[in-house]
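Please open the structure in a viewer and keep the sequence at hand. The tour below proposes one selection after another and says what is found at each stop.

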Amino acid sequence: MNSSSVAVAVMAALMMFLLLAPTSDAAISCSDVIKDLRPCVKYLVNGTGKPPSACCAGASALQSAASSTADKKAACECIKSASKTINPNPQLAQALPANCGINLPFTISPNVDCSKIS
């Protein structure tokens, strides 16, 4: 499968998730999270070295947007679900915040426990 086919499949899966995602009290939406992290998908799946600047800009925007506990939990749940779909490289996903110079209160992983975010 070529990279454009993978990108189309990932985007289709993310769009299905957005349509099926439950609503919450958070001000941040899953579509906002996906928009911010879309430039990171290719890097997280098969990248090397430092993340692209567009990825870090999106991760930084997400960090700024997810200011309340409800926002952080909503972002975490969205990323957790999307991670199950795109299957990121665990080392790249875990290192992404530090490599972009930001701090997220959770790990980018399909196994993260979002209920522990405060």
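**First stop: alanine 59**

Select alanine 59 and display its surroundings: leaving aside residues up to four places away in sequence, alanine 59 touches Asp36, Leu37 and Ile102, where contact means heavy atoms within 4.5 Å. Alanine 59 is found in helix 4; helices (H or I, at least four residues) and strands (E, at least two) are DSSP runs, numbered from the N terminus. With a relative accessible area of 2%, alanine 59 is buried. The classes of accessibility are buried under 20% relative accessible area, exposed over 50% and partly exposed in between, using a 1.4 Å probe and protein chains only. Now select glycine 101 as well: its C-alpha atom is separated from that of alanine 59 by 9.5 Å, although the two positions lie 42 residues apart along the chain count. That is to say, alanine 59 and glycine 101 are 42 residues apart along the chain.

**What kind of model this is**

The model is predicted, so local features need pLDDT of at least 70 and side-chain atom pairs count only at pLDDT 80 or more, while totals for chains, interfaces and linings use all residues. Residues are numbered from 1 along each chain as its sequence is written, and side-chain values use heavy atoms, with hydrogens and water left out.

Colour the chain by pLDDT, the predictor's confidence in each residue, from 0 to 100. The protein chain has an average of 82, and 78% of the residues score at least 70. Confidence is lowest in helix 1 (residues 3-20), with a mean of 42, and highest in helix 4 (residues 53-65), with 95. Select residues 3-24 next: the pLDDT is below 50 over this stretch, which has 15 contacts in the model beyond near neighbours in sequence.

**The whole chain**

Switch to a cartoon view. The protein chain contains 6 helices and 0 strands, and its pattern along the sequence reads α-α-α-α-α-α. Of the 118 residues in the chain, 38% are buried. Among contacts with a separation of 6 or more, 74% join residues 24 or more positions apart.

**Helix 2 against helix 4**

Select helix 2 and helix 4 together. Their axes are 7 Å apart and the helices pack at an angle of about 150°; axes are lines fitted to C-alpha atoms, for helices over the stretch in contact, and angles run from 0 to 180 degrees between N-to-C directions. Helix 2 is therefore roughly antiparallel to helix 4. In this scheme, angles under 35 degrees count as roughly parallel, over 145 as roughly antiparallel, 65 to 115 as roughly perpendicular and the rest as oblique.

Which residues of the two helices meet? From helix 2 come Val33, Asp36 and Leu37, and from helix 4 come Gly58, Ala59, Ala61 and Leu62. By class, this contact has 5 nonpolar, 1 polar and 1 charged residues. Here Ala, Val, Leu, Ile, Met, Phe, Trp, Tyr, Cys and Pro count as nonpolar, Asp, Glu, Lys and Arg as charged, and the others, Gly among them, as polar.

Remain on helix 4 and select serine 60, which lies in this helix. Is serine 60 buried or partly exposed? At 30% relative accessibility, serine 60 counts as partly exposed. The C-alpha atoms of serine 60 and isoleucine 102 are separated by 6.4 Å, and the two residues are 42 residues apart along the chain.

**Helix 2 against helix 5**

Keep helix 2 (residues 30-37) selected and add helix 5 (residues 69-86): the two pack at an angle of about 60°, with axes 9 Å apart. They are therefore oblique to each other. Helix 2 passes helix 5 in a right-handed crossing; a crossing is right-handed if the near helix is turned clockwise from the far one by less than a right angle, and left-handed if anticlockwise. Cys30, Val33, Ile34 and Leu37 of helix 2 make the contact with Ala75, Cys78, Ile79 and Ala82 of helix 5. The residues of this contact divide into 8 nonpolar, no polar and no charged.

Next, select glutamate 77, which lies in helix 5. Glutamate 77 is partly exposed, at 41% relative accessibility. Its partner for display is cysteine 114, 37 residues apart from glutamate 77 in sequence and 6.3 Å apart in space, C-alpha to C-alpha.

**Two loop residues**

Move to asparagine 87, in the loop between helix 5 and helix 6 (90-99). Asparagine 87 is exposed, with a relative accessible area of 57%. Its phi is near 50°, a positive value in a residue other than glycine. Most residues other than glycine have a negative phi.

Finally, select lysine 50 in the loop between helix 3 (41-46) and helix 4. The relative accessible area of lysine 50 is 59%, so this residue is exposed. Which residues does lysine 50 touch, not counting residues up to four places away in sequence? They are Tyr43 and Asn99. Lysine 50 and asparagine 99 are 49 residues apart along the chain, and their C-alpha atoms are separated by 6.5 Å.
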